[in-house]
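User: Got a minute to go through this complex with me? I'd like to start with the contacts between chains.

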Amino acid sequence: METPLENRAGWARWQRAWWYHAMQYGQTWRGSVAGSVLFPIFYLAAMGVGVGHLVSAHTGLVQGQTYLHFIAPSLLVTTAMQLGEGESLWPVLAAVKWVRTYHAAVSTPLEPEDVLAGKLTWVATRSLAGGIVYTIVIGAFGALHSWWALTLPLLSVLTTLAFAAPLVAYATTAESDASFPTLYRFAFVPMFLFSATFFPVASYPGYLRPLVQLVPLYHAVALGRAAAVGAGAPAALAAHLLVLVALTVAGVLVGRRTIRRRLVD
Amino acid sequence: MSETILEAHGLVKRFGDFEAVRGIDVSIARGESFGFLGPNGAGKTSTMRMISAVSAPSSGSIRIFGLDPTTDGPAVRARLGVVPQEDNLELELSVRLNLEMFGRYFDLPRRVIRERTRELLAFAQLSERAEDRVDDLSGGMKRRLTIARALINQPELLILDEPTTGLDPQARHLLWDRLYRLKRDGVTLIVTTHYMDEAEQLCDRLVVMDHGRIVAEGAPRALIEQHSSREVVELRFAADSHEEYLDVLAPFAPRVEALPDRALLYVEDGDATLHDIHASGLTPASALVRRSSLEDVFLRLTGRTLVD
Amino acid sequence: MLTRVLPSFGSRRSWRVFERNFMVYRTQWLMLVSGFFEPLFYLLSIGIGLNRLVGTIDVGGRPISYAAFVAPGMLATSMMNGAVIDSIFNTFFRLRISHAYDAVLSTPLDVTDVALGEVWWALARAAVYSASFLVCMTLLGDTVSAWVILCWPAALVVSLAFSSLGLAATTYIRSWQDFDLVSLVQLPIFLFSATFFPISVYPRWLGALVAASPLYQAATLMRGLGLGQFSWVMIPRLAYLVALGAVGLTIAARRFRRILVP
């Protein structure tokens with residue numbers, strides 16, 4: 001006889017939550033799958049080839065690379081960031097307040113922590129798939145120079161989680177979506193623009209450069225660039241990695257508390 | 001006979017090949033409470049949209065306040081209040097602003113709007129929630145606000161589509177009480193409902209609709225007297241189907257109906273019939289004697305129940 | 001359609017819809033104010049970074065900085081994005097989710113009043129945002145000529161064209177999932193309408209395709225006005241945008257009527 005679900009180990013339960021999210025996505029995947037393949041091609045063609053054409057005419061190489069190769073990894077991690085943001089605010093608020101699907105989930109043997117784990121692993125799964133597609137597209141544009149590039153899909157996952165985990169924790173405490181657009185305008189958009197994504201950090205005046213270090217996306221961008229070319233100082237890379245891991249861990253730890261408070265207390 | 005406020009002849013509404021309303025005639029007098037009773041899909045909402053001067057009839061004619069709503073829509077709607085089946089309040093706005101904004105649509109002066117908003121907040125028992133976002137209100141409160149909003153222009157005719165569907169019993173009674181007050185103040189009410197108790201409570205006169213047609217018309221009590229017996233005995237048997245009891249029960253009543261969960265016996269004296277049934281050795285799991293209702297009228301006329 | 005629309009143009013009734021939108025947005029004033037910052041961030045980022053990497057670009061025989069090249073295109077883009085948010089996203093919500101229009105139609109207002117009210121609102125928003133964009137542009141030193149003031153009325157035409165197309169598109173949207181399709185259309189228009197690089201970068205056959213993009217026509221028109229480089233080609237560009245707007249509005253009015261008062 002099969003062991004009842006409630007007696008099995010935690011992972012068996014949050015697997016259910018993963019499936020639940022996967023099935024929900026199964027209803028709506030068409031448009032977003034087309035986007036996840038086409039958007040990287042669009043961005044690389046416009047920014048990499050189009051603007052790259054202008055850059056090479058004036059500046060030549062940027063940090064020893066063509067502009068296309070310079071921005072390709074940052075487009076991958078910004079896409080990963082945007083997935084983490086998009087999946088973690090409105091969908092989570094809907095699930096804990098408007099449609100209350102998470103309340104339905106915890107009326108089964110699932111615990112709130114299982115729902116959180118299922119949500120995050122599902123977002124990570126999507127990020128992995130998107131990261132693989134993106135890496136292939138970047139490769140097709142000839143922007144990969146090292147076997148380390150094979151770690152780019154994993155970097156995509158880590159970047160997504162570094163944003164998704166804290167944002168899910170926040171969204172489970174929200175009473176309305178009033179603050180979400182403000183977060184986009186004043187946090188996500190500036191982060192996208194100013195994390196040395198589209199131009200080297202050396203472009204900033206000296207006194208601004210340390211500030212860029214405070215931006216989480218900057219660390220993901222730096223790791224992505226290092227992976228694409230297979231070069232970088234180990235200590236610096238470890239520091240970048242630590243920032244992303246710390247954000248993820250902190251987000252999960254806080255999220256476990258907030259989602260339990262929201263769903264059962 | 002008092003003034004006619006609404007008159008419709010041969011009203012038809014088609015959507016493509018589907019005929020939702022198939023030629024109905026109604027005439028409603030000022031001050032009357034008039035009901036459209038029927039199950040979901042009977043054509044009530046399509047009828048309501050035509051008589052609230054929003055959707056044009058495919059054929060037939062309507063006069064409201066003596067005006068033709070297809071040509072004088074704005075003038076007709078200025079004197080109507082409409083409570084739709086589903087609340088369509090401005091969720092992002094406060095309770096107060098919902099009322100005030102609606103007043104602006106009717107081009108009322110701001111001073112008048114302020115005054116009426118205060119009165120209507122009290123009427124809807126929402127004065128203390130005036131500054132709250134509508135999103136945070138309970139279902140019953142939202143419904144009362146929708147009704148209050150429909151009153152901002154002091155309409156001569158108030159049209160309510162399923163006013164209490166989805167509300168708990170307490171909220172329903174509160175709403176009915178508010179509607180009585182309007183009726184007492186001389187407002188003409190038109191109500192659709194698929195609840196027979198609501199129709200009996202609110203309506204002076206009603207029509208029963210089925211498949212886009214009117215199948216009966218009259219005062220609730222008169223309809224019951226005309227189409228049903230005085231009392232009904234409801235029997236439940238511990239069986240999968242009540243059809244098989246039709247033959248056994250036939251000798252006890254002039255008319256017997258079998259529903260999925262019970263059998264109905266239409267008789268003049270329910271207690272006597274029940275006594276006879278027990279005496280014959282039949283042992284229903286439960287038995288109940290009640291007065292006939294509009295539900296029975298509907299069953300008689302259409303062979304179906306109102307709520308399925 | 002014109003005979004139905006024209007009489008209501010001066011009507012106070014359509015202004016009530018404008019008033020309604022204003023009331024709703026007043027509760028979200030922070031969002032309205034923050035809208036000012038988005039173009040500022042974009043222009044600032046280009047000023048810091050790409051400006052130096054790209055150097056100058058030759059427009060009509062005159063070399064201008066990359067930031068000055070991109071800014072008019074960004075203004076046109078921001079008109080397009082504003083139209084997508086307001087005319088597609090918000091209108092879809094009112095049309096299909098909150099049914100706010102159904103409530104409006106039970107008052108003396110009718111469908112034409114609703115459609116016109118939305119157009120007035122889109123224009124007012126465009127007027128405020130484009131003015132604030134032009135101020136940012138000037139503060140950051142991305143304007144070249146005083147003629148840039150003409151970009152302001154041009155922005156209203158651009159916004160009207162995109163809003164009308166957006167309203168028409170909204171009537172075909174059935175669920176939130178269809179918004180994936182909206183971005184599938186919006187993103188390539190944004191990236192490939194010669195907003196970030198001149199059309200001369202494209203091979204000739206692709207350039208013809210780009211020229212069909214309303215955003216390309218809008219961005220090029222704005223760039224010419226901003227530089228004070230006037231040419232007769234501006235007339236067909238403007239006519240193209242106006243024609244798209246008229247087509248969009250006609251479709252929108254017909255479809256709105258079919259959805260709201262079947």
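User: How many salt bridges are there across the interface of chain C and chain B?

Analyst: The rule finds four salt bridges across that interface. Keep in mind that this is a predicted model. One of the pairs is B:Arg104 with C:Glu19, whose side chains meet at 2.6 Å, N to O.

User: And which helices of chain C supply at least two residues to the side that touches chain B?

Analyst: Helix H2 (12–26) and helix H7 (100–105) of chain C each do that. H2(C) gives the largest share of that side, with nine residues. By class, the side of chain C that touches chain B has 13 nonpolar, six polar and eight charged residues.

User: What about polar contacts between chain C and chain B, how many residue pairs?

Analyst: Nine residue pairs are in polar contact there, with both residues at pLDDT 80 or more.

User: OK, and what area is buried between chain C and chain B?

Analyst: About 2300 Å², and carbon and sulfur atoms give 59% of that. In terms of residues, 27 from chain C are in contact with 22 from chain B.

User: Switching partners. How many residues are in contact between chain A and chain C?

Analyst: On that interface, 36 residues of chain A are in contact with 31 residues of chain C. The two chains bury about 3000 Å² between them, with 79% of it on carbon and sulfur atoms.

User: Which pair of chains shares the most contacts?

Analyst: Chains A and C do, out of the two pairs of chains in contact.

User: How many salt bridges between chain A and chain C, then?

Analyst: The count there is one. A:Arg185 and C:Glu38 bring their side chains together at 2.9 Å, N to O. As for polar contacts, two residue pairs qualify across the interface of chain A and chain C, with both residues at pLDDT 80 or more.

User: Which elements of chain A give two or more residues to the side that touches chain C?

Analyst: Those are helix H2 (29–58) and helix H8 (180–194) of chain A. H2(A) gives the most, with 17 residues. Sorted by class, the side of chain A that touches chain C has 25 nonpolar, ten polar and one charged residues.

User: Back to that salt bridge. Where do C:Glu38 and A:Arg185 lie?

Analyst: The pair itself is the 2.9 Å one, N to O, between the side chains of C:Glu38 and A:Arg185. C:Glu38 is in helix H4 (residues 37–48) of chain C and A:Arg185 is in helix H8 of chain A, so the salt bridge joins two chains.

User: How many salt bridges over all chains?

Analyst: By this rule, the count is 40.

User: And how far apart are the closest C-alpha atoms of chain A and chain B?

Analyst: They lie 10 Å apart, and no contact joins chain A and chain B.

User: Confidence next. What's the average pLDDT of chain C?

Analyst: Chain C averages 87, and 96% of its residues score at least 70. Among its elements, helix H1 (residues 2–5) of chain C has the lowest mean pLDDT, 47, while helix H12 (residues 214–227) of chain C has the highest, 94.

User: Where in chain C does pLDDT stay under 50?

Analyst: Over residues 1–9 of chain C, for which the model has 14 contacts beyond four places in sequence. Where pLDDT is low, the predicted coordinates should not be read in detail.

User: Same thing for chain A: what's the mean pLDDT?

Analyst: The mean for chain A is 88, and 94% of its residues reach 70 or more. Confidence in chain A is lowest in helix H1 (residues 10–26), at a mean of 76, and highest in helix H7 (residues 152–171), at 97.

User: Last topic, the folds. How many helices and strands in chain A?

Analyst: Chain A has eleven helices and zero strands. Its radius of gyration is 20 Å, close to the 18 Å that the globule rule gives for 265 residues, so chain A is as compact as a globular protein of that length. The C-alpha atoms of chain A fill a box of roughly 65 × 40 × 35 Å along the principal axes.

User: And how many helices and strands does chain C have?

Analyst: Chain C has 13 helices and two strands. A compact globule of 262 residues would have a radius of gyration near 18 Å, and the 19 Å of chain C agrees with that. Taken along the principal axes, the box filled by the C-alpha atoms of chain C is roughly 60 × 40 × 35 Å.

Key:
Residues numbered from 1 in each chain as written. Chains lettered and ligands numbered in written order. Heavy atoms only, no water. Contact = heavy atoms within 4.5 Å. Buried area = accessible area lost by both parts, 1.4 Å probe. Polar contact = N/O pair within 3.5 Å; in protein donor to acceptor, adjacent residues only side chain to side chain. Helix = DSSP H or I, 4+ residues; strand = E, 2+ residues; numbered from the N terminus. Nonpolar A, V, L, I, M, F, W, Y, C, P; charged D, E, K, R; others polar. pLDDT = per-residue confidence, 0-100. Rg over C-alpha atoms; globule rule 2.2 N^0.38 Å.
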